[in-house]
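Reader: I am beginning to study protein structures and should like to look closely at a single part of this one. Could you please take me through the side of one domain where it meets its neighbour, and then through the parts around it?

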Amino acid sequence: MPVVSSLRPRPPYYDPKQWELRWHPLRGEWVVIAAHRDTRPWKGGSVSRPQKEPEYDPTCYLCPGNTRTTGGVNPRYRTTFAFDNDFPPAGTSSPPQTSSHGLYRAAQAYGRCRVMCFHPRHDLTLATMDVQEIRRVLSMWQREYRLLGEDPRVKHVLIFENKGEITGTSNRHPHCQAYGTTFIFSTIQREIQLAKHFLRRTGKPLYRAVIEQELQDGCRIIARSRNIIAFVPYFARYPYEVHVAPLESRPSIADLAGSEVDDLASVLKVVLVRYDNLFTMPFPYVQVLHQAPTDGTHHPEFHFHIEFFPPLRNPVTLKYLAGPEIGGGNMLSDVAPEEKAKELQVQSDIHYSRRV
Ligand SMILES: [Zn+2]
């Protein structure tokens, strides 16, 4: 009898017109995959391609040497630059007195919010920066996570990048933000609860099990190095959703070893270049770092990773959130994650702007 267990498992077959519910283990909810609808007639809105940016913009409040609206002057920084958000949603000077009544509760909007510039050049993006420059950004994220987390009142640090005007960003200069808050954002909170339950049941961090399953299926992997993996998850809610994670469980980016950060920079470069090459345009997305709380307790259940949520279905069409998503709270995806992974897998690793 052949020893079947010694053979590499065959990836499961997925129909390009997949129509099924898929369980999202990190959110504890169903995602409706309805790829058979992808060719339906579309008469909705469209987006225009972004204009080319100058290397330096005298009106940009993030370019080196410029004055911000609050009067602060940026240094002539040469690499990265971080500063306190001039209009923070949560701050140390927020009114300490709040009033609760009956069912309605209020609390001080205490916290610390930072803006992080990736590069002095206004026209670059993470995708067009080199790996060493991306590495410096990752070092900044490590520093800022530690800095904000040091405040005993700050329980969680959310680092995120809104890229592209359709994600609502007000400035094209390559930058992101960090929110250090007294509460844990609900997506992370839910992930922690599910991961704690999974750890108790299996002795393993939940996200590590996701990675093992993705390695076993194999068909949605976009890039992999010795320490880092990038993939379109089986339960993707957005057409080109990509997760990037270390293979070993680390609670936050600050806990990565130097070699892991090096690898993370290289894998991010691959993912971001392929994103841009997909539609030969700067690819818009919301990038979010999922990190353990800074609440002074140990989080063995948590596995740091980065999630990318691109809002585009194709070069000119947005993925709209409507009744099922906004009203019902569950995502309806008109694409098969395996098909979108294939589109990213065949892209070149050389940015389209560098090709002759
Ligand atoms: Zn700028």
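Author: What follows describes the two domains and their contact, and then the core, a helix, a hairpin and one residue in turn. Please keep in mind that this is a predicted model.

The domain assignment of the chain gives domain 1, made of residues 14-37 and 186-354, and domain 2, made of residues 81-92 and 108-181. The C-alpha centres of the two domains are 20 Å apart. To their contact, domain 1 gives 30 residues and domain 2 gives 25 residues. On the side of domain 1 that touches domain 2, α4 (258-279) and β10 (285-290) each supply at least two residues. The largest share of that side is from α4, with 11 residues. Sorted by class, this side of domain 1 holds 19 nonpolar, 7 polar and 4 charged residues.

Helix α4 appears again in the interior. The largest nonpolar core has 74 residues, and those that touch the most other members are I222, A230, V242, V244, V267, L268 and V271. It is α4 that gives the most to this core, with 11 residues. At least three residues of the core come from each of domain 1 and domain 2. In soluble globular proteins, nonpolar side chains tend to be buried together. V242 may serve as an example from the core: leaving out residues up to four places away in sequence, V242 touches I222, A230, F231, V232, V271 and F308.

Helix α3 comes next. This helix covers residues 206-217, which makes 12 residues, and spans 17 Å from its first C-alpha to its last, close to the 16 Å expected at 1.5 Å a residue. Its buried residues are L206, Y207, R208, V210, I211 and E214. These buried residues pack against one helix, α2 (186-202), and against the strands β7 (221-224), β8 (228-231), β9 (242-246) and β11 (305-309). Just beyond the end of α3, G218 has a positive phi of about 75°.

A positive phi is also found in a hairpin. Strands β1 (residues 19-24) and β2 (residues 29-34) run antiparallel and are joined by 6 bridges. Between these strands of the hairpin lie 4 residues, and G28 in the turn has a positive phi of about 65°. Two of the partnerships can be named: W19 is the bridge partner of A34 in β2, and L21 is the bridge partner of V32 in β2. The hairpin belongs to an open sheet of 3 strands in the order β1-β2-β14, with mixed pairing. Its edge strands are β1 and β14 (332-333), each of which pairs on one side only.

The last residue to consider is Q347, which lies in the segment after α6 (337-345). Q347 counts as partly exposed because it has 17 C-beta neighbours inside 10 Å, whereas a buried residue would need 20 or more and an exposed one 12 or fewer. Apart from neighbours within four places in sequence, Q347 is in contact with R274, N277 and L278. Between Q347 and R274 there are 5.4 Å in space, C-alpha to C-alpha, although the two are 73 residues apart in sequence.

Note on methods: Residues are numbered from 1 along each chain as its sequence is written. This is a predicted model: local features need pLDDT of at least 70, side-chain atom pairs count only at pLDDT 80 or more; totals for chains, interfaces and linings use all residues. Two strands pair if DSSP finds at least two bridges between them. The expected span of a helix is 1.5 Å times one less than its number of residues. Two residues are in contact if their C-beta atoms, placed from the backbone, lie within 7 Å. Domain bounds come from an automatic or database domain assignment. Ala, Val, Leu, Ile, Met, Phe, Trp, Tyr, Cys and Pro count as nonpolar, Asp, Glu, Lys and Arg as charged, and the others, Gly among them, as polar. A nonpolar core is a set of buried Ala, Val, Leu, Ile, Met, Phe, Trp, Tyr and Cys residues joined through C-beta atoms within 7 Å.
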